[in-house]
Amino acid sequence: MADRTELMPPPVSPTLQTHIDATSAGFEANMRFLASLVSQMRNEEETIREGGGAKAIENQHAKGRLTARERINLLLDPGSFFELGIYAASGMYEEWGGAPGAGVLTGLGRIHTRLVMIIANDATVKAGAFFPMTAKKVIRAQNIAIENHIPTVYLVDSAGVFLPLQEDVFPDTDDFGRVFRNNAVMSAMGIPQIAAIMGMCVAGGGYLPVMCDHVLMTDGSGLFLAGPALVQAAIGQKVSAEELGGAAMHSAVSGTVDFRHPTDESCLANIRSIVEKWGYRRQSPWDRKKPESPAIAAEEIYGIYDSSPGRPYDMKEILLRIIDGSRFDEYKAEYAKTIICGYARISGFAVGIVANQKLHAQATDHEGRKRMEFGGVIYTESAEKAARFIMDCNQNLIPLVFFHDVNGFMVGRDAEWSGIIKAGAKMVNAVANSVVPKITVIVGGSFGAGHYAMCGKAYDPRFVFAWPTAKYAVMGGDSAAGTLVEIKIKQLERSGKKLSEDERKELYESVKRTYDEQTDPRYGAARLWIDKIIDPLETREAVMQALEAAALNPDVAEFKVGVLQT
């Protein structure tokens with residue numbers, strides 16, 4: 001990665017100008033709305049951070065062990081933990097008492113300034129047992145580490161598979177066994193892995209630490225394929241947990257662990273000491289200069305974003321509060337205005353930005369006719385412009401950042417005649433085959449095929465972030481509810497039942513409530529469709545973290561797009 005911090009002429013990129021009236025009633029209303037959403041999110045996250053609750057934390061301390069969060073705080077450089085997946089399993093497994101954070105903590109952090117991925121079992125949540133979403137959360141963290149070549153540290157303290165749900169944890173390609181497969185793949189790729197056994201590590205889970213480069217273990221912990229009770233039931237042998245798989249045995253007899261420690265604290269200090277001595281690998285080609293703050297304070301983002309369909313906002317006003325120096329080289333600025341493309345820097349990294357513009361724009365077709373284009377909609381020209389820009393970024397090794405607030409592709413006769421499907425296919429092809437890092441930020445709506453074209457989860461963005469205002473679905477709640485209700489009414493009518501107006505309204509409201517719940521970003525984050533719900537003011541920081549992670553991977557494949565529709 002080039003770090004060109006030497007003296008150079010000042011950049012000549014144009015600085016975006018703001019036209020926001022921070023004293024307007026609309027600005028104030030937007031500020032209050034978004035501040036309330038962020039406050040609600042903060043409160044929910046604080047509850048999740050309590051894990052299994054005060055009593056479970058007390059029990060962990062009574063065993064002489066720290067909690068997962070206490071361990072992470074001691075392991076990492078102060079203030080460097082960038083947590084991912086905190087909402088995982090939120091609202092799920094209620095019949096089993098819930099699983100806050102899916103019983104595992106994941107995120108990026110720094111040890112002696114080196115970026116690492118942390119995967120730490122939370123033993124206060126069902127003894128750290130693996131629910132279905134626990135396995136998926138660990139695998140997502142490993143996949144991020146694989147794609148970005150991030151060294152990974154596992155803090156192991158788990159009772160193994162949550163047996164009542166074993167059929168959803170054990171057999172599939174994104175279940176428990178994939179964790180150990182990823183251990184092997186990461187090792188073969190040369191991605192450093194350290195595992196510290198700081199509690200129980202039983203059954204199949206025992207393979208995770210032993211497949212890492214370094215294995216540490218604390219006294220009082222246990223590592224065995226079968227615990228004492230299962231051993232007695234299986235072969236009739238009576239043996240204590242310490243004799244069967246304690247730290248002393250694995251350190252002196254089996255030779256399985258490399259370092260034995262009396263306490264969590266000394267074990268964590270040893271990990272820091274090991275990481276501090278690592279060498280440096282070849283760095284990536286993404287260009288980076290000295291970071292520069294935006295020319296305008298980010299706090300105004302709260303007042304700019306407007307979720308009301310009838311009051312479109314200017315996405316450029318948001319971008320200029322995120323990018324370095326608020327400087328932006330806009331690509332085809334006068335063409336296909338419902339999508340914004342351009343070059344900028346974020347925290348010094350050169351990036352290509354693809355963003356949905358929510359302002360309506362007047363366009364002229366090839367026959368000189370004027371038409372109004374709706375903000376947030378991808379038209380034929382928008383898709384072709386974005387596809388070409390995405391290909392240019394790949395050609396010139398520039399990472400891509402996508403900002404979503406998209407209703408979808410334009411529909412209707414004019415759109416179909418203009419070749420909207422061909423143009424959309426071209427954009428999807430360019431996104432799918434991109435070889436530069438892709439980072440997705442869902443600001444508002446992310447609906448239908450527009451979600452795919454803007455690098456949705458299925459198109460392998462390195463990270464997916466979302467604002468609390470994000471909506472994530474095939475279509476908006478009103479449209480979906482209307483469609484679903486009409487289908488239901490016709491089904492009822494075919495069976496001879498006629499609904500009154502009040503019954504129709506009640507049905508509509510019921511369907512819309514369910515649909516709106518499923519489009520909420522917390523619903524998506526619970527299922528790991530979103531890596532992190534971020535405060536809009538943290539957007540620049542989140543993108544920077546993602547770019548710094550991507551910079552650890554020096555490998556860039558050859559860019560090919562295959563057959564493009566023309």
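**Rings and a tucked-away helix**

Q: How many of the 12 residues of H20 are buried?
A: Helix H20 is largely enclosed by the rest of the structure, because most of its residues are buried (under 20% relative accessible area, with a 1.4 Å probe and protein chains only; exposed is over 50%, and partly exposed is in between). This is a predicted model, where local features need pLDDT of at least 70 and side-chain atom pairs need 80 or more, while totals for chains, interfaces and linings use all residues. Residues are numbered from 1 along each chain as its sequence is written, and side-chain values use heavy atoms, leaving out hydrogens and water. For H20, the buried count is 11 of the 12.

Q: Which charged-type names, Arg and Glu, turn up among the buried residues of H20?
A: The buried set of H20 includes Thr-539, Ala-542, Val-543 and Met-544. Leu-547, Ala-549 and Ala-550 are in there too. The Arg and Glu on that list are Arg-540 and Glu-548.

Q: How far apart are the end C-alpha atoms of helix H20?
A: H20 covers residues 539–550 (a helix is a DSSP run of H or I with at least four residues, a strand one of E with at least two, both numbered from the N terminus). At 1.5 Å a residue, times one less than the number of residues, its 12 residues should span 16 Å. The end-to-end distance in the model agrees with that, at 17 Å.

Q: How many aromatic pairs does the structure hold, and what kind is the pair of Phe-82 and Phe-465?
A: Rings of Phe, Tyr and Trp (its six-membered ring) pair if their centres lie within 6.5 Å; planes under 30 degrees apart are stacked, over 60 edge-to-face, and the rest tilted. The structure holds 15 aromatic pairs. In the Phe-82 and Phe-465 pair, the centres are 6.0 Å apart and the planes are at 80 degrees, so the pair is edge-to-face.

Q: How many residues apart in sequence are the parts that Phe-82 and Phe-465 tie together?
A: Phe-82 is buried at 8% relative accessibility, and Phe-465 is buried at 0%. Phe-82 lies in strand S1 (82–84) and Phe-465 in strand S18 (463–466). So the pair ties together parts whose separation in sequence is 383 residues.

Q: Which Arg has its charged end over the ring of Tyr-523?
A: A charge sits over a ring if NZ of Lys or CZ of Arg is within 6 Å of the ring centre and within 35 degrees of the ring normal. Arg-413 lies over the face of Trp-417, at 5.0 Å from the ring centre. Over Tyr-523, at 3.5 Å from the centre of its ring, sits the charged end of Arg-527.
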